[in-house]
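Visitor: I would like to know what stands behind the labels given to this structure. Please set each value against its definition.

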Amino acid sequence: MLDDDDLLEAARLRRRRLLTALDHGSQGGDVPGQRTLRRLAAGIGVSALLALGAAVGGLVQASLHDQGAAAPAHAAAAAPRSGG
């Protein structure tokens, strides 16, 4: 029959085998779940940067459009033309 010492030794052995499997099972010693979370975080970060860039571009375009609409119509006709 198993006593407490045998059960503790078996638990230690299982823990060591699990840690060894996790260490040697993936490249770089990363736990597989961490790599997935990093990719997910990177994707969310890139998406946020793209959305921010689109928002800033929209604001700049709207600002330029407003400035162009505010210019008098005769200003374009009075501008000197190049060429001959």
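Guide: What follows is a short round of questions and answers on those labels. This is a predicted model, in which local features need pLDDT of at least 70, side-chain atom pairs count only at pLDDT 80 or more, and totals for chains, interfaces and linings use all residues. Residues are numbered from 1 along each chain as its sequence is written, and side-chain values use heavy atoms, with hydrogens and water left out.

Visitor: What makes the fold pattern α-α-α?

Guide: The protein chain has 3 helices and 0 strands. Helices (H or I, at least four residues) and strands (E, at least two) are DSSP runs, numbered from the N terminus.

Visitor: Where is confidence highest, and where is it lowest?

Guide: pLDDT is the predictor's confidence in each residue, from 0 to 100. Helix 1 has the highest mean, 88, and helix 3 (residues 73-78) the lowest, 57. The mean for the protein chain is 80, with 70% of its residues at 70 or more. Where pLDDT is low, the predicted coordinates should not be read in detail.

Visitor: Why is Asp5 called exposed?

Guide: Buried means under 20% relative accessible area, exposed over 50%, and partly exposed in between (1.4 Å probe, protein chains only). Asp5 has 56% relative accessibility, so it counts as exposed. Asp5 is in helix 1 and belongs to a negative surface patch with Asp3, Asp4, Asp6 and Glu9.

Visitor: Why is Arg12 called partly exposed?

Guide: Its relative accessible area is 46%, therefore Arg12 is partly exposed. Arg12 lies in helix 1 (residues 4-25) and forms a positive surface patch with Arg14, Arg15 and Arg16.

Visitor: Which label does Val60 get, and why?

Guide: Val60 counts as partly exposed because its relative accessibility is 45%. Val60 sits in helix 2 (residues 32-70). With Leu49, Leu52, Val56 and Leu64, Val60 makes up a nonpolar surface patch of about 490 Å² accessible area together.

Visitor: What makes a group of residues a patch?

Guide: Its residues have over 30% relative accessible area and no salt bridge (a side-chain nitrogen of Lys or Arg within 4 Å of a carboxyl oxygen of Asp or Glu). Like charges are joined within 9 Å, nonpolar side chains (Val, Leu, Ile, Met, Phe, Trp, Tyr) within 5 Å.

Conventions
Areas by Shrake-Rupley, 256 points an atom, 1.4 Å probe, with all protein chains shown as cover. Lys, Arg positive; Asp, Glu negative; His and termini not counted. Charge placed at Lys NZ, Arg CZ, Asp CG, Glu CD.
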